[in-house]
Amino acid sequence: MTPELPAEPTDEQLAAWLELAELTLDGGFRAAVRRLVHEHARTRTQTQTQTQTQDVPSPPRPDPIALARELAGPALAAGTRPDAPRAEPVVAALLTRCEPTAQTVQTEQTELLRHLEAARDPRRDRWFRLLARINARPAPEPTTALIDRTVTALRVHASAA
């Protein structure tokens with residue numbers, strides 16, 4: 001996530017660098033990134049605490065955004081609406097894969113929603129596209145629409161999962 005402007009950047013890389021600098025000056029964006037970092041740290045601390053109290057090592061928690069991309073992405077691409085019955089198995093799989101040791105599905109749903117909502121700012125997608133341009137890498141697929149639809153599906157179907 002670090003921009004590395006080359007010694008002789010292209011015009012596109014310079015423009016992306018300037019836009020990235022403007023984005024870092026956006027107080028709302030900085031607050032959104034802070035929320036996401038705090039959410040990540042809270043989740044990590046919670047996982048470490050659970051591991052210590054259970055005396056059983058647990059695997060690292062999968063990234064909720066990567067799981068949403070993996071599990072909900074195909075449903076979104078197929079045109080499945082988040083409130084459709086076909087979205088229910090996706091929600092169940094997402095909750096199961098996110099934290100199979102959660103004490104309750106409701107707890108995991110709350111944790112997952114908190115994390116996804118912290119990551120749903122469209123400026124996050126812009127940040128990653130600009131970084132890719134600066135670092136001369138392929139741009140990642142945007143995730144805001146996917147996260148929005150995943151949050152909706154969780155709210156509609158998680159109680160049934």
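**Salt bridges, cores and a buried glutamine**

A search through the whole structure turns up nine salt bridges. The model is a predicted one, and the salt bridges make a handy way into it.

Take R126 and E19 to begin with. Their side chains meet in a salt bridge, with N and O 2.6 Å apart. R126 sits in helix 6 (residues 122-134) and E19 in helix 1, so this pair ties together parts that are 107 residues apart in sequence. Neither partner is tucked away under the 20% cut-off for buried: R126 is partly exposed at 23% relative accessibility, and E19 is partly exposed too, at 30%.

R97 and E70 make another such pair, their side chains meeting at 2.9 Å, N to O. Here R97 belongs to helix 4 and E70 to helix 3, and the two are 27 residues apart, so the pair links distant parts of the chain. R97 has a relative accessible area of 37%, which makes it partly exposed, and E70 also counts as partly exposed, with 44%.

What about E111 and R114? These two form a salt bridge as well, with the closest N and O atoms 3.9 Å apart. Both lie in helix 5, three residues from each other, or about one turn of the helix. Is E111 buried or exposed? With 11% relative accessibility, E111 counts as buried, while its partner R114 is partly exposed at 36%. Elsewhere, E117, R120, D148 and R155 are joined up in a network of salt bridges.

Stepping back to the overall fold, the protein has seven helices and zero strands. Of its 161 residues, 35% count as buried. Looking at contacts between residues at least 6 apart in sequence, 74% join residues at least 24 apart. The accessible surface comes to about 9700 Å², and carbon and sulfur atoms account for 57% of it.

Now for the inside. The largest nonpolar core holds 23 residues, and V91, L94, L95, L112, L116, I147 and L154 are the ones that touch the most other members. Helix 3 (64-77), helix 4 (88-98), helix 5 (105-118) and helix 7 (144-157) each supply at least two residues of this core. Which helix gives the most to it? That is helix 3, with six residues. Apart from this core lies another, made of eight residues, among them F29, L130, L131 and I134.

I134 leads on to Q13, a residue of helix 1 (residues 11-25). At 7% relative accessibility, Q13 counts as buried, because the cut-off is under 20%. Leaving aside residues up to four places away in sequence, Q13 touches L5, P6, R133, I134 and A136. With I134 there is a particular link: the side chain of Q13 reaches the backbone oxygen of I134 at 2.9 Å. R133 is 120 residues away from Q13 in sequence, yet their C-alpha atoms are 5.9 Å apart in space.

The residue L14 also lies in helix 1. Unlike buried Q13, L14 is partly exposed, with a relative accessible area of 36%. Together with L5, W17 and L18, L14 forms a nonpolar patch on the surface, and the four have about 340 Å² of accessible area between them. L5 thus turns up in two places: in this patch and among the residues that Q13 touches.

Key:
Residues are numbered from 1 along each chain as its sequence is written. This is a predicted model: local features need pLDDT of at least 70, side-chain atom pairs count only at pLDDT 80 or more; totals for chains, interfaces and linings use all residues. Side-chain values use heavy atoms; hydrogens and water are left out. Helices (H or I, at least four residues) and strands (E, at least two) are DSSP runs, numbered from the N terminus. Buried means under 20% relative accessible area, exposed over 50%, partly exposed in between (1.4 Å probe, protein chains only). Contact means heavy atoms within 4.5 Å. A polar contact is a pair of N or O atoms within 3.5 Å; within protein, one must be able to donate a hydrogen and the other to accept it, and residues adjacent in sequence count only if both atoms are side-chain atoms. Patches are made of residues with over 30% relative accessible area and no salt bridge: like charges are joined within 9 Å, nonpolar side chains (Val, Leu, Ile, Met, Phe, Trp, Tyr) within 5 Å. Accessible areas come from the Shrake-Rupley method with a 1.4 Å probe; for residues, only the protein chains shown count as cover. A nonpolar core is a set of buried Ala, Val, Leu, Ile, Met, Phe, Trp, Tyr and Cys residues joined through side-chain atoms within 4.5 Å.
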